[in-house]
Amino acid sequence: MIMKELNLDWSNLSFGYMKADYNVRCYYRNGEWSEVEVSDSEHITLHMAATCLHYGQEAFEGLKAFRGKDGKVRIFRLEANAERLQSTCDGIMMPQLPTEKFREMVTKVVKMNERFVPPYESGASLYIRPLLIGTGAQVGVHPADEYLFMVFVMPVGPYFKGGFAANPYVVIRQYDRSAPLGTGIYKVGGNYAASMKANKLAHDLGYSCEFYLDAKEKKYIDECGAANFFGIKDNTYVTPKSTSILPSITNKSLMQLAEDMGMKVERRQIPIEELDTFEEAGACGTAAVISPIERIDDLEMKRSYVIAKDGKPGPICRKLYDTLRGIQYGDIEDRYGWVTIVE
Ligand code: PLP
Ligand code: COI
């Protein structure tokens, strides 16, 4: 296939939607997943009683592809994303998409849109958005009998202002994104709808992002908007254990890298007051990568937890960031088989 080169300002991309050339789709009908179809349309046709529209029977994923110095395109932790989608499927009663189908579709859509994968030097990447929706009609609250799974892509830059720069966060106590035994551990759209007022409030107050505490006691750290939290102290990487946060694949990767760097890793409840004791902290996720935390303000309690005293990212955040990015771009050996090279 001959592809026309794109003339984009790769180094100044924001995190937003952009039309690529193709998307891929497959349908679940009569208990089976169909063959993969390729489309150049940005639109889908839906039954007005589709369960995704009324009862939120939908799930999504987010992963990235990177172009290396060697020109090769690498997709990061594809299998882990397939497995999380399967867990989400179980959580809201959708049929599981097999990992092989996920792999076939993700690699195909990246290959077909290769001219949208940003060049190595830009520091940008290709964001891959898999989406699974209930398309069968129901008016009673029941799972659909038909589903559409699709994957589309777009080149993106940093999710938070300034990329790898320390940012301020604000504790939001008046809204919860998910309940302790709710859907927070799944990547379903409803959690994000539930987060929009908190996110708007945080932005209106001049913060990068909202910071959630556990919904039941408002005592322990949950997560930072669409990213997990980690704190660093005494050569230890500490991250929350909670039944209402998304199991972040970036966080899982960082726990491994921290261990490789000789740090201890703790996954446990973190009382908000413990923020005072961290030498460094960050928000992590596919979109966020690592966003170092400058400070967290708890306005209702009239407290401010200042973490980056000089307003700059700390050395451990920097090392974790460089190692993660190094593996993603192919500059550092992929010891754990996290990377799929698109052939
Ligand atoms: N938490 C939430 C609520 C998210 O939406 C995301 C983004 O996917 C994350 C955490 C980070 O997860 P991951 O590292 O798998 O992208
Ligand atoms: C991601 O990091 O992949 C996310 O899903 C964040 C997104 C909600 C913008």
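1. A word on terms before we start: a pocket here is an open set of grid points with protein on both sides within 12 Å along at least five of seven lines, and a molecule sits in a pocket if more than half of its atoms lie within 2 Å of its grid points. By that reckoning, ligand 2 sits in the largest pocket. Please keep in mind as you read that this is a predicted model.

2. Now the chain as a whole. Its secondary structure comes to 6 helices and 18 strands. The C-alpha atoms fill a box of roughly 55 × 50 × 35 Å along the principal axes. A compact globule of 343 residues would have a radius of gyration near 20 Å, and the chain has 20 Å, so the two agree.

3. Back to ligand 2 and its neighbours. Aromatic names come up several times in the shell, which includes Phe-15, Phe-60, Tyr-127, Tyr-159 and Tyr-192. Also around ligand 2 are Gly-62, Arg-129, Lys-187, Ala-226, Thr-286 and Ala-287. By class, this shell divides into 7 nonpolar, 2 polar and 2 charged residues.

4. Which protein atoms meet the oxygen atoms of ligand 2? In the side chain of Lys-187, an N or O atom is 2.7 Å from a ligand oxygen. The backbone takes part as well: a polar backbone atom of Ala-287 is 2.8 Å from an oxygen of ligand 2, and one of Thr-286 is 3.5 Å from such an oxygen. Taken alone, ligand 2 exposes 290 Å², and the protein buries 88% of that.

5. Ligand 1 deserves a look of its own. The space it takes is the largest pocket, and ligand 2 sits in the largest pocket too. There are 16 residues around ligand 1, and Arg-84, Tyr-192, Ser-248, Thr-250 and Thr-286 come nearest. The shell of ligand 1 divides into 6 nonpolar, 6 polar and 4 charged residues.

6. How are the oxygen atoms of ligand 1 met? Here side chains supply the partners: an N or O atom of the Tyr-192 side chain is 2.4 Å from a ligand oxygen, while polar side-chain atoms of Ser-248 and Thr-286 each lie 2.6 Å from an oxygen of ligand 1. On its own, ligand 1 has 390 Å² of accessible area, of which the protein covers 97%. The elements giving two or more residues to this shell are β12 (227-233), α5 (249-260) and β15 (280-285).

7. One residue to revisit is Thr-286. Toward ligand 1 it offers a polar side-chain atom, whereas toward ligand 2 Thr-286 offers a polar backbone atom.

Definitions and conventions
Residues numbered from 1 in each chain as written. Chains lettered and ligands numbered in written order. Predicted model: local features only at pLDDT ≥ 70, side-chain atom pairs only at ≥ 80, totals over all residues. Heavy atoms only, no water. Near = heavy atom within 4 Å. Polar contact = N/O pair within 3.5 Å; in protein donor to acceptor, adjacent residues only side chain to side chain. Areas by Shrake-Rupley, 256 points an atom, 1.4 Å probe, with all protein chains shown as cover. 1 Å grid on protein atoms, 1.4 Å probe; cavity = no way out; pocket = protein on both sides within 12 Å on 5 of 7 lines; lining within 4 Å. Nonpolar A, V, L, I, M, F, W, Y, C, P; charged D, E, K, R; others polar. Helix = DSSP H or I, 4+ residues; strand = E, 2+ residues; numbered from the N terminus. Rg over C-alpha atoms; globule rule 2.2 N^0.38 Å.
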